[in-house]
Amino acid sequence: MHTLMGVRPRELVGELMDDPALKAAEHRRALRGLARVNAISRSAHYVWRGLVPLLRGIVGREARVLDLASGGGDVTCGLQRIADGANAAVRFDGCDISRLAVDTASQAAALQGLGCKFIEHDLSSGALPSGYDAMVCTLFLHHLETDAVADLLGRMADACGAVVVDDLRRSRLGEAAAWLGTRGLSRSRVVHVDGPRSVRAAFTPGELRALAERAGMRGTTISRHFPFRMQMTWSRDA
């Protein structure tokens, strides 16, 4: 029998944000809401913390990192601000399937005077953009079917030397927190609906590790952090 602290089977339900018919105004409102959620969750901080050890072998040149499914670019820009503040020679770019998201992210980077570049790219199949030392992915894997997650992880490992994945952990308590948190941080109906759905579609640390191994990623490290999230790091040289 499940309790409030228990974990129920994964339930993947289409999210409103993924609907190509979503109106532009609703999409923009949702991106702003997600940016607030990411800010409170300190998403960029945690991704940076996981990424830094993986980039230490890159010396004498700028390291290049690609943020997959970068949405409105708040995490990508946040990472670039952290790197610039630390005088670290790291350049962050982003890609997303949504033209509106790419435009929103590009405008945000320009307003902040950041060098981040954003491109439109469909991650569902085919080769990933080349020329990057590392790839990061935040709050995206739970949108995908299980087989598609293993496929994407494998393509990430083929395309670069280091990977950081930061996503939700599935739990009943996390679902309750998502219901409350999304309503406290955003007026977007999309965010209110998709928040709890995202938690129900998320993986557990054990499930994510198994998918990484299936993708040929050996030696992954998975840790948990606030709020009800987990992070997987992998390096080809580990």
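These are my notebook entries on a few helices, helix crossings and single residues that I looked up in a predicted model.

**Ground rules**

I am working with a predicted model, in which local features need pLDDT of at least 70 and side-chain atom pairs count only at pLDDT 80 or more, while totals for chains, interfaces and linings use all residues. Residues are numbered from 1 along each chain as its sequence is written, and side-chain values use heavy atoms, with hydrogens and water left out.

**Entry 1: helices H2 and H3**

I started with helix lengths. Helices here are DSSP runs of H or I with at least four residues, strands are runs of E with at least two, and both are numbered from the N terminus. The expected span of a helix is 1.5 Å times one less than its number of residues.

Helix H2 covers residues 43–55; its 13 residues should span 18 Å, and the end C-alpha atoms are indeed 18 Å apart. Helix H3, residues 74–85, has 12 residues and an expected span of 16 Å, which agrees with the 16 Å between its end C-alpha atoms.

Next I asked myself which residues of each helix are buried. I take buried as under 20% relative accessible area, exposed as over 50% and partly exposed as in between, with a 1.4 Å probe and protein chains only. In H2 I noted Ser 43, Ala 44, Tyr 46, Val 47, Trp 48, Gly 50, Leu 51 and Leu 55 as buried. In H3 the buried residues are Val 75, Thr 76, Cys 77, Gly 78, Leu 79, Gln 80 and Ala 83.

**Entry 2: H1 against H4**

How do the axes of H1 and H4 cross? I found that helix H1 (residues 24–41) and helix H4 (residues 99–111) have axes that come within 11 Å and cross at roughly 50°. The axes are lines fitted to C-alpha atoms, for helices over the stretch in contact, and angles run from 0 to 180 degrees between N-to-C directions.

The pair is therefore oblique; under 35 degrees would be roughly parallel, over 145 roughly antiparallel, 65 to 115 roughly perpendicular, and the rest is oblique. The crossing of H1 and H4 is right-handed, meaning that the near helix is turned clockwise from the far one by less than a right angle (anticlockwise would be left-handed).

On the H1 side the contact uses Ala 24, His 27, Arg 28 and Leu 31, and on the H4 side Leu 100, Ala 101 and Thr 104. Contact means heavy atoms within 4.5 Å. I sorted the residues of this H1–H4 contact into four nonpolar, two polar and one charged. Nonpolar covers Ala, Val, Leu, Ile, Met, Phe, Trp, Tyr, Cys and Pro, charged covers Asp, Glu, Lys and Arg, and the others, Gly among them, are polar.

**Entry 3: H5 against H8**

I then turned to helix H5 (residues 146–159) and helix H8 (residues 205–214), which pack at about 55° with their axes 8 Å apart. H5 is therefore oblique to H8, and the crossing is right-handed. Thr 146, Asp 147, Val 149, Ala 150 and Leu 153 of H5 meet Leu 208, Leu 211, Ala 212 and Arg 214 of H8. By class I have six nonpolar, one polar and two charged residues in the H5–H8 contact.

**Entry 4: backbone oddities**

Which peptide bond is cis? I noted the one from Phe 226 to Pro 227, with omega near -15°. Pro 227 is in the loop between strand S6 (221–225) and S7.

Phe 228, found in that loop between S6 and S7, has a positive phi of about 60° although it is not a glycine. At 28% relative accessibility, Phe 228 is partly exposed.

Asn 87 has a positive phi too, about 55°, and is not a glycine either. Asn 87 is in the loop between H3 and strand S2 (90–96) and is exposed, at 72% relative accessibility.

**Entry 5: three single residues**

Is Thr 233 buried or exposed? Thr 233, in strand S7 (residues 229–235), is buried, with a relative accessible area of 14%. Leaving aside neighbours within four places in sequence, I found Thr 233 in contact with Gly 50, Leu 54, Val 163, Val 164, Gly 219, Thr 220 and Thr 221.

His 192 is in helix H7 (residues 189–201) and is buried at 18%. With the neighbours within four places left aside, His 192 is in contact with Thr 182, Arg 183, Ser 186 and Arg 187.

Arg 36, in H1, is partly exposed at 38%. Not counting residues up to four places away in sequence, Arg 36 touches Leu 185 and Ser 186.
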